[in-house]
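Visitor: I'd like to learn how to read a model like this one. Could you walk me through it?

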Amino acid sequence: MEDKVIYAMYDDDDILKEGAKSLVAQGVHITDVYSPMPIHGIDPIIGVQHTRLGIAAFLYGLTGTMLAAIGIRYFMIIDWPMNIGGKPSFSLIENIPAFIPIFFEFTVLCAAHGMAITYLLRNKTLPGMPPRNPDPRTTDDMFVIEISASDNSKHTLKEIAKMVKKTGVIEMEEKVIK
Amino acid sequence: MHKEADIRKPLILGDKTYRQITDDIIRPIESKAHRTWYILIITAAILALWGVGCILYLLGTGIGTWGLNKTVEWAWDITNFVWWVGIGHAGTLISAVLLLFRQKWRFAINRAAEAMTIFAVMMAGLFPLIHMGRLWCGYWVFPLPNQFGSMWVNFNSPLLWDVFAISTYFSVSLVFWYIGLIPDFATIRDRVTKPLAKRVYRVLSFGWTGNAKAWNRFELVSLVLAGLATPLVFSVHSIVSFDFATSVIPGWHTTIFPPYFVSGAVFSGFAMVQTLMLILRKAYKLEEYLHVKHIEYMNIVIIVTGSIVGVAYITELFVSWYSGVEYESYAFLNRATGPYWWSYWSMMTCNVISPQLFWFKKLRTSLIFSFFMSIIINIGMWFERFVIIVTSIHRDYVPSSWSYFHPTWVDIGVYTGTIGIFFVLYLLFSRYFPVLPIAELKTILKSSGKNYKENYGHGKDYWDSHAGH
């Protein structure tokens, strides 16, 4: 699908934030913001929802604990109970203190890796993916606002460009994305 | 804009802009390596090759080539293992615990410390593997279905807990480190001009875009990983200490071991960070990002953890007497006055007495003294593990089996070899990877950069005349 996009470039994060605020106040929908570092406070302005990766991590962790419990119960209680110094070996509950360290380690292992993999997939960052930032300078010292025509039915791109020019922008570019 | 208290010394000195931060940190990657770097890496590589040779000889001939005997059946192998794991504690501590406490000074050291952690844990992991004697059976430590009559590994054993702890720690630290590196690799990708470098960094940067949602996720993932890694750091060395604490050997089975090992690990880890960073900042001209204040903060952590270690040593001595168990009392008396008195007193001097010198502000803000001390602490912490392991077992219950440990050239070769391998990896890291977190430094520039701080509050140099009161 063909779409027209405006890239407005700023050299300061605070100026960009002010600019974004005024654009949003005028009813412009900002598609995305590209920056060399996290800009604190930009998310509520442009309407980026808080990520749910934390919940995902919790669920992965819970899965880890369950897997550890199921595995250890099978290895140590059901399949081959070992008599070690007469310690209880026929019940998971009675033997659980000795299993806590691995429950914990496995929980952390699953939570951390599960979350990291989900993070990479959701960001579409995987080995060998092509860079998709609009300008190579956005990973150095430039900050870019992306406004696409399809997201903005209220204004034409010309009107938006006029508004953007008033926000302390240093470079502006219109592109056609396929 | 977030502002910081006036009396806090700026974390980034000089007149920096975002562009300059990128320039300063990428400079060593873009420019040709200095001759010293080649000399260092060749020296380290020779040492590493020697170590690999010793390991191959050890595997080919057997554990008998070590100086172990019937009484001292664990010595340098486990000493080196615990020493390396200890060193590997600072990195994740700096990135995880200091992140949770919102300590912004960690940005000057976290990347390099995390790299140090990963390489140190690799070296640590080597020792349990080669001390099995049969490396090719190393996978037996995992609970895999097998044809030996459904034998499973023993989940009650601290040695198995160690397997899980160390492998979890290693892989989680690696993930934590790499997730932080991705945006910085993207910065390098968008700058380098050489085609090969461009292609390599393009692969390494995973196509990072730096859009708002990605940064939103990045910050949460860092925070959650820090939250997961914090108890992990503490659990790993606690579990390493269980290898000893759950045994019945006098001198080993003490309940104080877990906290004592953890603080010892942080202590030695910070010392190693000091050793490496003091050189790195000079070599790469990063003095404005990692200045005396950072060194002082690290030295304060060293005093705190060193004092905890000191208290633990003294508590151990007291409890051995107070317990009224004669074997226990003898184990400790023998440590201090027996044939290994020299290692005990080296440990006491290096770990308990010398870090207390950091109470003097002059000393803890002196770079040369900090460097000297960091080496002393590294030596002291190696002796700590040696003292715990060897002096506790060299005198058995039966005096006829009393013995003394003499390291062979293979013992020494394997140990020095791991130092060589470690430095090869570290030097490669410092040459091709961003040694400071570029993106994260940019987030603190406006609140803690000198040029920005001068423009708010009391203004220029207020911190110098008021800090330290």
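Guide: Let's begin with strand pairing: two strands pair if DSSP finds at least two bridges between them. Helices (H or I, at least four residues) and strands (E, at least two) are DSSP runs, numbered from the N terminus. With that, K4(A) stands opposite V176(A) in β4(A). This is a predicted model, where local features need pLDDT of at least 70, side-chain atom pairs count only at pLDDT 80 or more, and totals for chains, interfaces and linings use all residues. Residues are numbered from 1 along each chain as its sequence is written, while chains are lettered from A and ligands numbered from 1 in the order in which they are written.

Visitor: What is the order of the four strands in the open sheet of chain A?

Guide: Generally, strands of a sheet pair through backbone hydrogen bonds, either parallel or antiparallel. Here the order is β2-β3-β1-β4, with antiparallel pairing. β2 (32–34) and β4 (171–177) of chain A are the edge strands with a single partner each, so one side of each has no neighbour in the sheet. From one strand to the next, the twist averages 25 degrees; axes are lines fitted to C-alpha atoms, for helices over the stretch in contact, and angles run from 0 to 180 degrees between N-to-C directions.

Visitor: How many bridges join β1(A) to β3(A)?

Guide: Six, and the two run antiparallel. Strand β1 (residues 3–10) of chain A also pairs with β4(A), over seven bridges in the antiparallel sense. Look at I6(A): E174(A) in β4(A) stands opposite, and I147(A) in β3(A) is a bridge partner too.

Visitor: How do I read a helix that isn't straight?

Guide: Compare its end-to-end distance with the expected span (1.5 Å times one less than its number of residues). Helix α4 (residues 92–122) of chain A has 31 residues, yet its end C-alpha atoms are only 38 Å apart, against 45 Å for a straight helix. For a bend, take the angle between axes fitted to the seven residues ending at a residue and the seven starting there. α4(A) bends by about 70 degrees at A98(A), with a proline, P101(A), following within four residues. After α4(A) comes K124(A), whose phi is positive, near 55 degrees.

Visitor: And the contact between chains: how many residues does each chain give?

Guide: Residues are in contact if their C-beta atoms, placed from the backbone, lie within 7 Å. Chain B gives 54 residues and chain A 59. On the chain B side, α8(B) gives the most, with 16 residues.

Definitions and conventions
Two residues are in contact if their C-beta atoms, placed from the backbone, lie within 7 Å.
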